[in-house]
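Got your viewer open? Let's walk through this model one selection at a time.

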Amino acid sequence: MTTTQHIPVSALQPQIECIIRSLGSDDKTAQRLAQMGILPGTHLHIIRIAPLGGTIEVTGDQGQSFALRQKEIAAMTCEPVAMPLDSELVKVGQTYRIRALMGGKTFRQRMERSGIKEKKLLQIKRTGNKPVLMCQIDLNKPVELGRGEAKKIIIERISNEQN
């Protein structure tokens, strides 16, 4: 069973995907979102965030593109589905599957040499303010990644294990 949560505006970044569970308690905002076709159960994918963060471009299930205000995103209750490995939504001790590697050929080759491939399972061992994330690919071989590498790795949660 997955958890539903408010995704904090500070956690928003491109490549995050979530499923909307509730449009929030503000009827006016909920009505506006519903009129745009954004309903509970809709998958939202964040494309980009305006330079000053006022609006966020998202796409919905049918490929339609929307520009939403921060307060509209903040009002919704969402279940995060996929996110970059450097996201603050990533939790230590939780198991994830690598969904995509967003870098070029050299990046992909370097990740493969480290054992990081699409569809591979990983468990996060350390995150935080330090510029290194450590994920356990094989039980015997931890892999340390810098933030630049981590933001190019899109992961999806597959369980709710927490330490």
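Leaving aside its neighbours within four places in sequence, which residues is Q64 in contact with? Select Q64 and look around: V58 and T59 are the ones in contact with Q64 once those neighbours are set aside. Keep in mind as you click that this is a predicted model.

While Q64 is still highlighted, check where it belongs. Q64 is in the loop that runs between β3 (55-59) and β4 (65-69). Q64 counts as partly exposed because its relative accessible area is 27%, and the band for that label lies between 20% and 50%. Now show the side chain of Q64: this side chain reaches the backbone nitrogen of Q62, at 2.9 Å. For a longer view, pick the C-alpha atoms of Q64 and L44; they sit 10.0 Å apart in space, with the two positions 20 residues apart in sequence numbering.

**Zoom out to the whole chain**

Switch to cartoon and colour by secondary structure. You'll find four helices and 10 strands in the protein chain. Trace them from the N terminus and the order reads β-α-β-β-β-α-β-β-α-β-β-β-α-β. The chain has 163 residues, and 42% of them count as buried. Take the contacts with a separation of 6 or more: 61% of those in the protein chain join residues 24 or more positions apart.

**Into the core**

Next, select L68, M76, I153 and I155. In the largest nonpolar core, which has 35 residues, these four touch the most other members. Add strand β6 (residues 95-101), which gives the most to this core, with three residues. Then colour by domain: domain 1 (9-83) and domain 2 (85-157) each supply at least three residues to this core.

Stay with I155, which is placed in strand β10 (residues 153-157). Is I155 buried or exposed? I155 is buried, because its relative accessible area is 0%, and the cut-off for buried is under 20%. Show everything I155 touches beyond four places in sequence, and you get V81, A82, M83, L85, V90, Y96, R97, I98, R99 and L122. You can also pick the C-alpha atoms of I155 and E118: they are separated by 9.0 Å, while the two residues are 37 apart along the chain.

**A buried acid and a ring**

Go to E79 in strand β5 (residues 77-84). E79 counts as buried because its relative accessibility is 9%. Show side chains here, and you'll see that of E79 making a polar contact with the side chain of R21, at 2.8 Å.

Then select F107 and K152. K152 lies over the face of F107, 5.2 Å from the ring centre. If you're tempted to hunt for aromatic pairs as well, save yourself the trouble: a search of the whole structure finds zero.

**Two backbone stops**

Last, turn to the backbone angles. Most residues other than glycine have a negative phi. Pick Q15, in the segment before β1 (17-22): its phi is positive, near 85°, though this residue is not a glycine. Q15 counts as partly exposed because its relative accessibility is 25%.

Finish at K119, in the loop between α3 (105-113) and β7 (121-126). K119 is not a glycine, yet it has a positive phi of about 75°. Buried or exposed, which label does K119 get? K119 counts as exposed because its relative accessibility is 68%, and the cut-off for that label is over 50%.

Methods
Residues numbered from 1 in each chain as written. Predicted model: local features only at pLDDT ≥ 70, side-chain atom pairs only at ≥ 80, totals over all residues. Heavy atoms only, no water. Core = buried A, V, L, I, M, F, W, Y, C linked by side-chain atoms within 4.5 Å. Buried < 20%, exposed > 50% of the residue type's maximum accessible area, 1.4 Å probe, protein only. Helix = DSSP H or I, 4+ residues; strand = E, 2+ residues; numbered from the N terminus. Domains from an automatic or database assignment. Phe/Tyr/Trp six-rings, centres within 6.5 Å; stacked < 30°, edge-to-face > 60°. Lys NZ or Arg CZ within 6 Å of the ring centre and 35° of its normal. Contact = heavy atoms within 4.5 Å. Polar contact = N/O pair within 3.5 Å; in protein donor to acceptor, adjacent residues only side chain to side chain.
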